[in-house]
Each structure stands twice: as structure tokens, then as C-alpha cells.
Amino acid sequence: MNRCIYITLLTVLGFNSDSIAQSMKQPPRLVVNITIDQLRSDYLELYAPLYGNDGFKRLLNEGLVFANASYPFAPVDRASATALLATGTSPYYNSIVASEWLNRNTLQPESCVKATGKALLSPENILTSTVGDELKMATQGQAGVFSIAPYSDASIISAGHAANGAAWPKNGKWENSGYYSPANSLLQSYCRRQTVTHDINKSIIDLALSIIHDGTAGADSITDILNIMFARYPYTIETKPHTGDRMLEAYTSLDRNIAELVRAVEDRMPLERVLFVLTGTGYSEEEEKDNERFRIPTGQFNITRTKNLLNIYLSAIYGNGQYVEANYKTHLYLNRKLIDRKNINYSDVLRRSQEFLLDISGVRNVYTSLQLRLSDSNFIRNIRNGFYSERSGDIIIEVSPGWKTIDEDRNTSYTQRLGNIQFPIVFFGAGINHECITSPVTTDRIAPTIAKTIRIRAPNACTAIPLF
């Protein structure tokens, strides 16, 4: 078809030359995903006068900023947040409910990247594809996908199933998963040449820049992905004590890290050919406050004693037996084999347990596995999205805000907090214009946005729509 006729036809159909040019625009050569563990907007804004011009300030002033982001499930931790960012879907589909969960066979906690019966750390527990996986399939394996994080779970989960490699620090050295061999051999060579210093975030930058400077990422027309997670505190390997305001030190250090990374990438390729994505993990581990001193309502909820009381109650109804096998955090795991052997109706046990637990002090709500699997009401949607039947308990207890949960079996405790942690999503580079959008958005829309920008399919369980 004659080019003039083609353009005239497109114009008649509602396209103009600008939209044609946009559609023909080359996708980015490199996507740099930056996730900051426990990023908080209040701290980000508080220390803004101390930032340089090339880090946070540049991304926030020049990028597309979604100021009010949140995760569409609860509870959120590092691993479950990382999995959602990679897959574009919640634990209900990708199965990563937390960094650890209780193994129903051993009744012991296990890492989310430890496949049952296997020695290697791997992404096998992620039951959906990731953005990196889809990019690998779209390019017949030619794209490079690399992940670097301070923690093995975050590095492996963000890498996905088909990556070139994932790296994390261990005992002053870089560790890799043999799951990715031989594709991991290139990353292993970088890791062998570099050590991990006391400033883990700076070490992450150095390893990332090795991948970029050596032409491994972003060197050709095929899009590559580099996933990076920064620790909230700059000195996660405790060889240097912090001085003064720890958060000030953390955020000003992060600002320098981001500035160094952006400058180094921009030195290698035009900014129009790079997409930077920055966001947080949506939770925050804070030092426990003295609620009683300030007369804030509080109390103690003992999950171990609650488990024992429920066993006594169920034994009175169904006969002696250990009906609750174990507890982990606020999840209770029923002895399904015993219930089957006694020919007891499982749903009846759940209903009676729920009614009993709701009368215990400190219990705000109780959810059962059947309730979460069968209902999709708005009232429980966030809890349902954070549930996966093979990882989660049969009964999940929601403890009242401000109450301390005590687990005597594992000698742990933590205070329940349901308050929203505000953090942004920022897209920078790739010809994206600056704008600050204050309407609430959810992080499951990041993965399909990246997929659309680099012109591949979204991950296979992602139903969220792109942000732009």
C-alpha cells in the first residue's frame, strides 16, 4: 500500500501522525526495577532538603509519580510484595504468602524459596509466570534477566523461573542459586570478582554496574531487565554502627545510591531507551512503642494458649484429640487426617472454631479457609488475596490493632498494626512525561505496565490493567 494512502487511511480511522510515531517507537533496551524495602513516603519527604539533584529529587521531579500506592492484599511482607511486583497478581494465585510459612508435613517453618525435598534455593514455589519469564519467552531466551537483592527470597522471586541469575550477599560474599545454571555462570563470574562490604546497598550498586558496564545488560536492541532491591538501612551487615538519626542516614544514603545508578546507566545509553521503575514493599517493621505509657488501648494475645484452648473446646465436642496441630504467626493448622479418620465434617469444625475464637479477648476477626476460598466480597477481599490454601492456615486470626501477639512455642512476639504505609510508584525515562497523580493505585498494575511498555504479554495470572 502506498505510504501516503496508508497514513491517510489511519487518519480517517482516528489515528494521527503522533500516535503512529508513538506506536513505532522502539521499546526500552533496559528496564531497571528498583524496589526499596520498607520505603515510606513520610521519610522520603522529610529528608528531601538533604537530597542531591540526581537521586530521589530527579525521579520525583521528572518522572511519572503515583503518590498513593498500596498492595491489594494483607498481610504484606518482603517476599509476598516482591512476588506481586514480579507476577502482577496476589498470593491467592502466585502462592507466595510470606517469606516463610509452615510446612504442613513437618509442621516446621520453611523459606518460600526452599522447594520441599530439594537442596537448592529456587523460584519453584511461584506458581505463575513473572515479567522476566514472559520477556524470556517473547525473545526466545535472548533477553537478559538479572536480580540482585540483600535477601535470597527477594532476589530469587524477582528473578523468576527463567532468569539468567539471582545474587544476594552471604558471609561477606555474593551467593547464587544453582537453579539458574548454566545461565547463571555469567553472573557468577561477576560475583566472584566482587566482595560485599558493610554498606550492602553500595555493594549492590557495584554489582549492578558491572553487569551494565560489561555490556551484559542493555547492550543491544533486545530488552533486558535488571531487578534491584535496596535494604532500608545502608548497613545491614552490622560492621558499622549507625550514628544520630538512623532514618536520615538511610534515606540520604539511598538517594546517593539511586543517583549513582541513574548516572551510570545514562552514561551507557540514552535515557529514552531506559525505563526506571521505583517503588516500595508496602510494609514497615518499626520498633515497638510503649502503648501503655501513652494510654493507647493495648493488650496481649497469646496464640499458643489460644491453640490449646481451642483443642480443649473441640475435644469436648468431638472426643479427645489434637485437632489443632500447630500455629504459625496468627494461623492455626487443623489436623485434617484426624478429622477425616473420625469422620467429622470439616466445615463444621471450622464454623465451631470460628465462633469460639471470636469470643477471645484481642481477637478482632476470624477467617476460615472455606470462607476465603468461596467468598470474594469486598469486605474480605484483601485477606482472601493474601491467602493460599496449601501455605496458609485453616483458620486465620486478625488481632486487634495495638495488641501484642505472643508465640510461646517460638519465643516471638510482635504488635499488630493495620495502618496504611504510604509509598509511591515512579516511572522515569523511556520518554515518559512528568506528572504527579494522587489518586490511589495498586502495585499489581506495575507488571502489566512494564509488559505493555516493552511490548510483551503480561504474566499469565495478571488481570490488572496497566497504569498508562
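This report describes the internal cavities, one helix and the cysteines of a predicted model.

## Cavities in the structure

A search of the whole structure identifies two cavities of 30 Å³ or more. The largest has a volume of about 250 Å³, and the second largest has a volume of about 30 Å³.

## The largest cavity

The largest cavity, with its volume of about 250 Å³, is lined by 23 residues, of which Asn33, Thr35, Leu85, Ser158 and Asn227 are the closest to its centre. By residue class, the lining comprises 15 nonpolar and eight polar residues, with no charged residue.

Several helices and strands contribute two or more residues each to this lining. The helices are α5 (78-87), α7 (131-138), α8 (152-159) and α17 (446-453). The strands are β1 (30-36), β5 (145-148), β8 (224-230) and β9 (274-280). The greatest contribution to the lining of the largest cavity is that of β8, which supplies four residues.

## The second largest cavity

The lining of the second largest cavity consists of Leu44, Phe56, Leu59, Leu60, Leu278, Pro424 and Val426. Two elements, α4 (56-62) and β17 (423-429), each give two or more residues to this lining. Helix α4 provides the largest share, namely three residues.

In terms of residue class, the lining of the second largest cavity holds seven nonpolar residues, with no polar and no charged ones. The lining of the largest cavity, for its part, includes eight polar residues alongside 15 nonpolar ones.

## Helix α10

Helix α10 spans residues 200-213 and has 14 residues. The distance from its first C-alpha to its last is 20 Å, close to the 20 Å expected at 1.5 Å a residue.

This helix is mostly covered, with eleven of its 14 residues buried. The buried positions in α10 include the isoleucines Ile200, Ile204, Ile205, Ile211 and Ile212. Leu207, Leu209 and Ala208 are buried as well, as are Asn201, Ser203 and Ser210.

## Cysteines and disulfides

The structure contains zero disulfides. Two cysteines may be described by their accessibility. Cys436 has a relative accessibility of 48% and therefore counts as partly exposed, since the exposed class begins over 50%. Cys462, at 14% relative accessibility, counts as buried, because that class covers values under 20%.

How values were computed: Residues numbered from 1 in each chain as written. Predicted model: local features only at pLDDT ≥ 70, side-chain atom pairs only at ≥ 80, totals over all residues. Heavy atoms only, no water. 1 Å grid on protein atoms, 1.4 Å probe; cavity = no way out; pocket = protein on both sides within 12 Å on 5 of 7 lines; lining within 4 Å. Points joined across faces, edges and corners; volume = space filled by probe spheres on them. Nonpolar A, V, L, I, M, F, W, Y, C, P; charged D, E, K, R; others polar. Expected span 1.5 Å × (residues − 1). Buried < 20%, exposed > 50% of the residue type's maximum accessible area, 1.4 Å probe, protein only. Disulfide = S-S within 2.5 Å.
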